[in-house]
Each structure stands twice: as C-alpha cells, then as structure tokens.
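Subject: Structure for you to look at, with notes

Dear colleague,

I am handing over the structure below and would be glad if you could look through it with the notes that follow it.

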Amino acid sequence: MSNSTPSTYKRICVISALLGLAAPALAAPRISAQSIIVNPTQPELNVQVWTNRDASGEGNPTYQTGERISVGLKTNADAYIYLFNVNADGNIDLFFPNRYEDSNYVQAGTRTFPRNGAKYNLSVGGPNGQDKLLAVASTTELSLNDIATFEGQQQFATVGVQGQDGLAQALSIVVNPLPDNAWVTDTAFFRVGNTVQTPQPQPTPAAQIQPGQRQDGSFDSAMVDAYARLKGDESLGQATTYAAAWGNGFWQKFNGVGAYGDAALLHANGSSRSYSVHGRLLARYLSLAQAENGTTRPPSRLGWAAGDEKVIPQNLYGTTGLYGFFQNGALYDSQKYGTFWLTGPVLKSYQGLGGSGSFLGFPTRDQYMLNGAWAADFEGGTIRTVNGVPRIYRK
C-alpha cells in the first residue's frame with residue numbers, strides 16, 4: 001500500500017494474525033505462531049480494520065499493481081491509531097500516523113484512510129504476493145522511536161525493523177508496560193497480482209512416482225543422488241508428488257518414515273546438490289514461507305537448504321534435537337522448546353561457540369529485534385547486538 005503523495009506508488013502490506021484467543025490477565029503480550037502481537041486479554045477497547053474490497057475484513061481480496069486502495073477502520077472508543085503494512089518481501093511501512101494529518105488520536109466510530117480531501121493516496125505496489133495489514137489502537141499514545149522515525153522533511157516515517165517477526169517483537173516491547181485493557185489489535189489481508197496457489201504437484205498416478213521424477217518423465221539428477229545418499233527408503237519414504245518448480249528451484253514431497261515425519265527434497269537452481277528437510281523443521285520452514293510469500297518460494301530469511309540435517313546429541317542441559325542448515329540461516333529444533341530460526345551475525349557467533357552443544361544450549365525462541373538490534377535467547381544465556389557487534393551473556 002502506498003503511504004504516498006498522488007504521484008508516488010508504494011504498497012500496503014500487513015501482518016497475519018491469530019486474534020481473539022483469550023489468555024490469563026496480566027500475561028505478557030503474546031506473539032503467535034505467525035508473529036502477530038496479540039493482547040492476552042479481551043479488553044473493552046475494540047478496533048476493526050478492512051480494505052475497500054472486503055468490508056468484512058475477513059476475506060483476502062486481490063488487487064493489481066498500481067491500483068488505488070483505501071483502508072477502513074472502526075473503534076468503539078477514542079484511541080490513538082497506528083496502521084502498519086508488511087509486504088510480501090518483508091518491507092514494512094507505517095502509513096498512519098503521518099505528517100499529512102495533525103494527529104493520530106481518532107474519535108470513536110468509523111473512518112477511512114485516506115479520508116476525503118487528503119493530500120496523499122494509497123496505491124498497491126509490488127512485489128506480488130500476500131499483503132497483511134495491522135491496526136493497533138491504544139488509549140495511551142505509544143512511543144515508536146525504536147520502530148519508526150521521521151527523517152528530514154519526509155511525510156511518512158521510515159520503519160527500522162524488517163519482517164513480521166521483527167515488527168511483532170518490537171511492538172510487544174512497546175505495549176508491555178501498558179495495562180491489558182489499554183490496547184488492542186486487528187488485521188486484514190489482501191493479495192497483490194494474480195492469485196498464486198501453494199505449489200501442489202500432481203497427485204500420485206497408478207505407477208509410483210520415483211525420487212526426482214518430474215511430471216514430464218524427466219528426472220532431477222541432484223534429487224536422485226540425494227535420495228541415494230540419504231538412504232531415502234529409510235528416511236524419506238515414498239514420493240507423494242512429482243518434483244515441481246518452486247521459486248527459483250524445485251522441490252519434491254515424501255511421506256516420511258516413522259519418527260522422521262513428512263519430508264521434502266529441495267534443489268536450488270545453480271546448485272549441484274539437493275538436500276532434505278524433515279518433520280518439524282519442514283513444518284516450520286513452510287510456515288515461514290507461508291507468512292512471507294504465501295508459500296510461492298522459500299522464506300527469504302532462510303533460503304534454500306544448504307546441507308543435510310543433523311541429529312544433535314544430548315547437550316549439557318540434557319536436551320536433544322535437530323539442526324537444519326540453509327543458505328541464509330538455520331533452524332534448531334528440540335522437543336523441549338520448539339523449532340526456531342537464527343540468521344546473520346547472531347547465528348555466526350552462536351555456531352562459533354559450538355551451537356547447541358555450547359553453554360548456550362538450544363534456542364528458546366526465534367531471533368528477534370531488541371531496541372532496533374538483533375537478539376536471541378538460549379537455554380544458558382543470550383546474544384545481544386551492541387553497536388553492531390554480537391555480545392554473548394551467560395545466565
């Protein structure tokens with residue numbers, strides 16, 4: 001969505017949400033499996049948000065690039081309103097408040113953004129994919145200095161966090177000091193460009209599909225080699241789909257064997273090797289792709305699998321799990337804590353100490369933004385980025 005003057009196109013994007021789930025009073029702001037900040041209570045304050053093509057706010061309408069869009073909002077009490085968008089590649093805009101309007105304190109009732117006669121408009125831009133809109137209403141003005149700033153004469157703020165996870169973590173810090181009944185959120189969805197379906201290769205025909213087999217009868221040699229290398233009949237099981245195009249590469253799904261769970265072989269274009277992802281690692285990998293781009297390609301924070309998964313023996317805390325290595329990051333899984341992603345200098349510092357086998361142990365949550373910098377929490381300590389340098393702390 002654009003937070004722009006009429007001559008400038010940007011795009012509105014938003015955060016996916018799991019809302020309306022009650023939680024005990026006094027609980028901390030909750031971040032759902034899709035990285036949405038959710039009030040742990042059901043406050044009397046209420047906000048609803050929607051786009052002009054879906055007044056219910058519960059659908060997922062499609063817009064074309066360059067098309068005008070407006071956002072509707074309703075509150076049951078006067079409140080400070082904040083409207084964010086997160087587009088398919090993770091870029092975030094705060095399009096309200098802005099410098100075209102004097103105040104973001106909105107009276108109870110219904111209004112539209114932009115309102116009639118506004119000096120800006122909202123237009124749909126690229127890239128194609130799933131857009132997600134987040135509205136935050138608060139009875140207290142929020143301090144967003146660690147999230148967004150107005151630079152120079154610009155009319156819209158520059159957001160300093162990236163992706164759904166980063167925004168959700170940053171907002172959770174902002175609202176944490178507030179009373180539970182003082183803030184609430186709502187979300188809406190829309191797609192940009194032609195609707196893209198999650199890749200679903202053709203169903204199994206009468207003859208069993210072979211590892212690496214494409215629908216046209218040809219074979220992906222890297223997948224064939226990977227299946228043999230990994231003793232696929234013992235770890236991957238039987239193919240349930242053909243090898244199909246996915247993003248800038250190919251993938252093929254398998255039914256898994258026993259405790260391994262569902263599996264997939266991933267083969268990035270330009271790589272001579274294919275690698276497998278199993279079970280809970282695969283489920284989290286695909287959920288990140290769904291949140292980022294509707295599962296049309298691998299999640300950008302991780303990229304393609306870049307190594308075979310490894311079983312991690314019991315560490316000094318008695319925890320065991322799995323490790324998956326990707327082009328841009330890693331997934332660590334333990335039954336005790338769950339499956340979490342790490343990237344960049346935080347991951348490099350963690351692995352430099354010995355990863356889950358070090359005193360840090362397994363991650364206990366996803367990597368997140370803290371005061372505008374990356375941080376991560378582990379069984380035995382934390383990593384905080386200070387002045388651009390990761391620093392490691394024991395518990």
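The notes below begin with the overall picture and then turn to aromatic rings, charged groups and the backbone.

Please keep in mind throughout that this is a predicted model. The protein has five helices and 25 strands, and buried residues make up 54% of its 395 residues. If one takes the contacts between residues at least 6 apart in sequence, 61% of them join residues at least 24 apart. The accessible surface comes to about 17300 Å², and carbon and sulfur atoms account for 49% of that area.

Aromatic rings

A search of the whole structure for aromatic pairs returned 15 of them. One of these is formed by Tyr 100 and Tyr 120, whose ring centres are 5.6 Å apart and whose planes meet at 25°, so the pair is stacked, given that planes under 30 degrees apart count as such. The two tyrosines are 20 residues apart and the pair links distant parts of the chain, with Tyr 100 in the loop between strand S7 (92-96) and strand S8 (105-106), and Tyr 120 in the loop between strand S9 (109-113) and strand S10 (129-138). As for their surroundings, Tyr 100 is partly exposed, with a relative accessible area of 23%, whereas Tyr 120 is buried, with a value of 3%.

Trp 246 and Trp 251 form another stacked pair, with ring centres 4.6 Å apart and planes at 20°. Both Trp 246 and Trp 251 are buried, and ring pairs link these two tryptophans with Tyr 285, Trp 304 and Phe 326 into a cluster.

Charged groups over rings

Two arginines are placed with their charged ends over phenylalanine rings: Arg 111 sits over the ring of Phe 113, at 3.9 Å from its centre, and Arg 394 sits over the ring of Phe 359, at 3.8 Å from its centre.

Backbone

Most residues other than glycine have a negative phi, and most peptide bonds are trans, which is the background for the four places listed next.

- The peptide bond that joins Phe 96 and Pro 97 is cis, with omega at about 10°, and Pro 97 lies in the loop between S7 and S8, the loop that also holds Tyr 100.
- A cis peptide bond also leads from Phe 113 to Pro 114, with omega near -10°, and Pro 114 lies in the loop between S9 and S10, where Tyr 120 is found as well; Phe 113 is the residue whose ring lies under the charged end of Arg 111.
- Lys 231, although not a glycine, has a positive phi of about 50°; this lysine is found in the loop between helix H2 (221-229) and helix H3 (232-235), and it is exposed, with a relative accessible area of 53%.
- Thr 295 has a phi near 65°, again a positive value in a residue other than glycine; its place is in the loop between helix H4 (279-293) and strand S18 (310-312), and at 6% relative accessibility Thr 295 counts as buried.

When you go through the model, you may like to begin with the two loops that carry the stacked tyrosines, Tyr 100 and Tyr 120, since the loop between S7 and S8 also contains Pro 97 and the loop between S9 and S10 also contains Pro 114.

With best wishes

Technical notes
Residues numbered from 1 in each chain as written. Predicted model: local features only at pLDDT ≥ 70, side-chain atom pairs only at ≥ 80, totals over all residues. Heavy atoms only, no water. Phe/Tyr/Trp six-rings, centres within 6.5 Å; stacked < 30°, edge-to-face > 60°. Helix = DSSP H or I, 4+ residues; strand = E, 2+ residues; numbered from the N terminus. Buried < 20%, exposed > 50% of the residue type's maximum accessible area, 1.4 Å probe, protein only. Lys NZ or Arg CZ within 6 Å of the ring centre and 35° of its normal. Contact = heavy atoms within 4.5 Å. Areas by Shrake-Rupley, 256 points an atom, 1.4 Å probe, with all protein chains shown as cover.
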